[in-house]
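Thank you all for making the time this morning. I would like to walk through a few local features of one structure, going from strands to helices to individual residues.

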Amino acid sequence: MTNKADQVNTAELLAKAYEFSDVERRWYEAWQKQKKFRADMDPSRPSFSIVIPPPNVTGVLHVGHALNNTMQDVLVRYKRMSGYNTLWVPGTDHAGIATQNVVERQLAAENLTRHDVGRDKFIERVWQWKTQSGGQIINQLKRLGCSCDWDRERFTMDEGLSRAVRAVFTRLYHEGLIYKGDYIINWCPRCHTALADLEVEHEATDGKLYRIRYPYAQGDGYIVVATTRPETMLGDTGVAVHPEDERYTSLPEKSVILPLVNRKIPVVFDAQVEREFGTGALKVTPAHDLNDFEIARRHDLPAIKVMDDNGRMNVEAGPYAGLDRFECRAKIVEDLRDQGFLDGIEDYQHGVGHCYRCATVVEPSLSKQWFVSVKPLAAKAIDAVKNGDIKIHPKSWENTFFDWMYNIRDWCISRQIWWGHQIPAWTCEACGELIVSENDPEHCPSCQSKQLLQETDVLDTWFSSALWPFSTLGWPDDTEELKFFYPTSVLITSFDILFFWVSRMMMMGIHFMGKVPFKDVYLHALVRDAQGQKMSKSKGNVMDPLLVMDKYGTDALRFTMTAFAAQGRDIRLSEERIEGYRYFINKIWNASRFSLMHISCCDPSVTHGISAKALGLAHRWILSRLNRTIAEVHRALNDYRFNDAASAMYQFVWHEFCDWYLELIKPELFSKSDDTKHQAQAVLFTVLESVIKLLHPVIPFVTEEIWHVLPGERNSIMTEPYPLENPDWDDAEAEATAQLVMGLIGGIRNIRSEMQIHPSAQVEAIVICPNQARKNTIAEHGDEIKGLTRTGTLTVQSEGHGPKGAASFIFEDIEIAVPLTGLIDVQKELDKLSKEQAKIDKQLAQSQGKLGNKKFLDNAPEDVVAKEKEKVDALSATLAKIAQTRKRLQEIGS
């Protein structure tokens with residue numbers, strides 16, 4: 001310890017108030033300039049790597065991104081400080097349909113379509129948009145404090161990833177795992193493209209179930225079929241019934257006449273027919289329903305497509321050609337009724353598929369598409385999760401994963417749009433040869449013709465994303481990054497893309513790398529509003545994280561996200577919660593300012609290696625508690641229990657370090673004894689330094705700012721070692737003793753507060769403690785108790801009760817009594833309580849009246865009703881406290 005002045009003006013070190021906007025901008029620029037996020041490949045240290053779930057290049061930061069990327073950054077900063085070679089790969093996704101829609105809207109404003117400008121010019125226009133406006137979200141991630149290695153930023157259509165996509169497609173094709181064939185796909189008439197099953201959002205819809213009579217081809221009678229889509233009957237090529245359905249086992253005729261079309265179609269027996277649906281007789285429309293397509297293949301029925309790509313009836317629909325599909329439905333129902341074929345209509349709720357991009361009703365349609373045969377790939381991914389090579393957190397998601405993977409269908413990977421990875425397949429116009437190649441072929445290998453026509457479809461966006469963990473590290477080249485950082489350590493993403501993306505990365509990574517793409521998968525839940533409602537623009541409850549950061553600071557938002565990120569539980573987010581953690585940031589700032597008044601002249605080399613055993617109680621207690629907190633934070637972060645890590649930090653910093661330790665050591669910090677003062681300064685410095693490092697992964701900006709005003713030479717806190725447990729600091733005895741002392745201090749303070757004893761008034765305290773050892777401990781620390789409670793006399797006895805007219809408080813097996821004679825006027829206090837109660841009663845009656853008013857409940861917004869309910873709860877709690885205080889005062893005055 002130096003002999004310089006022991007106190008300095010903190011204004012020279014930290015501003016009175018924490019101005020986060022300047023701090024955040026200044027430090028992020030410094031981190032980038034100094035290359036603090038750059039990944040090293042030091043073979044002497046372990047590696048930790050994460051690939052960012054690439055946000056759409058069209059995207060802007062929303063609360064889901066804020067949660068996801070905060071958790072990633074917490075881990076990355078934690079591992080970096082723990083000595084790992086840490087790599088966080090950033091990047092964006094080209095987002096095929098979404099990006100194409102953005103540019104098509106621009107063209108529409110110019111009265112143009114993409115077909116007017118042509119494919120090459122359109123793609124050129126998209127790249128131009130991407131350069132000028134795309135990637136806005138990258139700057140927003142920087143605003144969030146993300147410590148990605150920005151020199152390694154990737155894009156799913158950059159040159160390297162395009163090579164990887166072609167290599168994967170070509171190899172899978174030649175392995176027989178990619179094929180082109182007729183199949184029922186989900187077609188969006190608005191986006192004009194096929195959609196994978198996962199891109200179709202099913203909504204419960206109130207529709208109709210139409211019962212239609214199909215007359216027998218010979219003789220009288222008919223079969224009644226039920227359908228929700230009567231317009232598709234124009235493409236029927238059969239009727240199917242279950243072979244064991246007694247209603248149809250002795251059919252008089254095995255053919256029927258298709259109403260309106262007058263086409264003869266067969267009745268077939270198929271075990272896949274659901275006997276419970278409708279009449280048990282199923283109209284078979286192979287070109288417009290997947291199940292019907294499979295039945296048709298088994299029974300060799302033809303497929304007739306009656307709709308075009310715009311959702312309008314085509315020439316196969318005969319007199320209905322040109323009608324919109326829903327117009328056609330109404331017309332057909334009318335004609336069926338007029339011609340006596342309509343047996344009935346009933347209300348029916350069923351799931352209707354909608355395009356995940358534009359919400360248009362999806363039309364199942366027969367089309368020639370490219371598919372990945374995924375079952376062989378899925379089997380390896382299933383094994384990886386089963387044998388623990390990949391662990392899913394929370395574990396409850398494993399069953400959902402297995403259920404989906406065991407029932408997986410071939411993946412339709414072709415999309416009828418222009419922006420994306422154009423499929424590397426060419427057809428020879430001379431001989432019809434299909435050529436699939438990583439490189440553009442110069443001629444046909446069969447006939448040498450140069451007349452080659454490339455496939456116009458592009459690949460599903462998720463195809464390139466599925467390669468993200470290894471393509472971003474340089475594959476198909478055998479790079480040092482791949483050797484060093486693959487498999488990656490963990491993937492953090494939302495549960496809703498477990499199948500879209502996570503499972504496909506598993507399949508591709510294992511198949512092409514021979515190793516899993518990541519060891520752990522952490523699936524976080526949704527961020528909802530304060531009432532638990534899903535955020536949506538239509539509800540008006542969307543919270544913009546950029547505005548929140550402007551108002552409360554980035555660290556406050558990050559700590560809030562971390563504190564509420566419990567595994568498997570949705571986050572209920574409100575500005576009030578973020579504001580609460582803004583107070584926490586201010587608490588840290590103010591505690592640091594106070595500490596710096598006393599430790600600014602400390603010599604860090606002297607404070608390291610403090611011998612805890614020789615220290616006073618408060619110091620031994622805080623070091624032991626710090627040690628336990630460090631251990632809990634390590635356990636929690638390694639187990640992805642982000643909320644537990646944040647809770648441990650918050651509890652220690654606010655309630656132990658700030659509320660208790662700084663109060664307990666104030667007499668020592670102002671002591672006339674240099675030894676006493678210097679000892680307190682040394683421990684305070686040690687604890688504050690550890691606290692700032694402990695907090696850094698969650699709140700990086702404020703901790704970096706404070707770090708640089710602590711005594712000693714300072715590099716970035718990012719490169720400091722993360723605090724580790726120190727066995728010498730463990731002191732269960734000090735913790736138990738401090739708990740006892742603080743319990744007594746808290747008890748006396750509680751009495752002073754409840755009885756509204758003037759802050760400057762001295763009180764007498766009587767402690768009745770039956771345990772002799774604890775009694776001795778209390779006596780030993782009597783001065784600390786008196787000093788922090790303004791107690792003049794502290795009497796400790798083994799038995800008895802507090803005197804008449806005393807307020808009491810029970811702590812464990814100890815009674816604390818404070819005589820009130822001369823300190824308060826009981827009647828005056830009772831009168832004050834009566835006035836307060838009358839005021840609260842009036843407010844409570846008003847709020848209860850609102851909640852009892854049906855008109856208010858029906859018309860007021862949900863958040864207004866919720867706040868009124870919270871107000872009732874708060875007022876009721878206040879009344880209960882008033883009643884409790886009145887009872888105690890009456891006991892004292894009796």
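**Strands, helices and a few backbone details**

Let me begin with strands S22 and S23, the latter covering residues 518–524, which pair in the parallel sense over six bridges. If you want one pair of residues to look for on the screen, valine 490 has aspartate 520 in S23 as its bridge partner. Please keep in mind throughout that what we are looking at is a predicted model.

These two strands belong to an open sheet of three, in which the order is S15-S23-S22 and the pairing is parallel. Strand S15, residues 391–393, and strand S22, residues 488–494, stand at the edges with a single partner strand each, and therefore one side of each has no neighbour in the sheet. On average, and with direction ignored, neighbouring strands here are turned by 20° against each other. Helix H2, residues 63–81, packs on this sheet, where it touches S22 and S23, and its direction makes about 160° with that of S22.

Two cis peptide bonds belong in this part of the talk. One of them joins histidine 393 and proline 394, with omega at about -5°, and proline 394 has its place in the loop between S15 and helix H11, residues 397–406. Another runs from tyrosine 486 to proline 487, with omega near 0°, and proline 487 lies in the loop between H14 and S22.

Staying close to H14 in the numbering, I would point to threonine 479, which sits in the loop between helix H13, residues 468–471, and helix H14, residues 480–485. Is threonine 479 buried or exposed? Its relative accessibility is 17%, and so threonine 479 counts as buried, the cut-off for that class being under 20%. The side chain of threonine 479 reaches the backbone oxygen of leucine 473 at 2.5 Å, and, once neighbours within four places in sequence are left aside, threonine 479 is in contact with Leu473 and Gly474.

For an antiparallel case, we can turn to strand S10, residues 255–258, and strand S11, residues 263–269, which are joined by four bridges. Here valine 256 stands opposite isoleucine 265 in S11. The hairpin has four residues between its strands, and leucine 260 takes a positive phi near 70° in it.

Positive phi values turn up elsewhere as well, and I will mention two residues that are not glycine. Lysine 35 has a phi of about 60° and is found in the loop between helix H1, residues 20–33, and strand S1, residues 47–51; with a relative accessible area of 38%, lysine 35 is partly exposed. Glutamine 448 has a phi near 70° and is found in the loop between strand S19, residues 434–436, and strand S20, residues 452–454; its relative accessible area is 45%, and glutamine 448 is likewise partly exposed.

Finally, a helix. H28 covers residues 826–851, 26 residues in all, and reaches 37 Å from its first C-alpha to its last, which is close to the 38 Å expected at 1.5 Å a residue. Which residues of H28 are buried? They are Glu829, Leu830, Leu833, Ile840, Leu844 and Ser847. When reading that list, it helps to recall that an α-helix has 3.6 residues a turn, so residues three or four places apart point the same way.

Technical notes
Residues numbered from 1 in each chain as written. Predicted model: local features only at pLDDT ≥ 70, side-chain atom pairs only at ≥ 80, totals over all residues. Heavy atoms only, no water. Pairing = 2+ DSSP bridges. Axes fitted to C-alpha atoms, helices over the stretch in contact; angles between N-to-C directions. Contact = heavy atoms within 4.5 Å. Buried < 20%, exposed > 50% of the residue type's maximum accessible area, 1.4 Å probe, protein only. Polar contact = N/O pair within 3.5 Å; in protein donor to acceptor, adjacent residues only side chain to side chain. Expected span 1.5 Å × (residues − 1).
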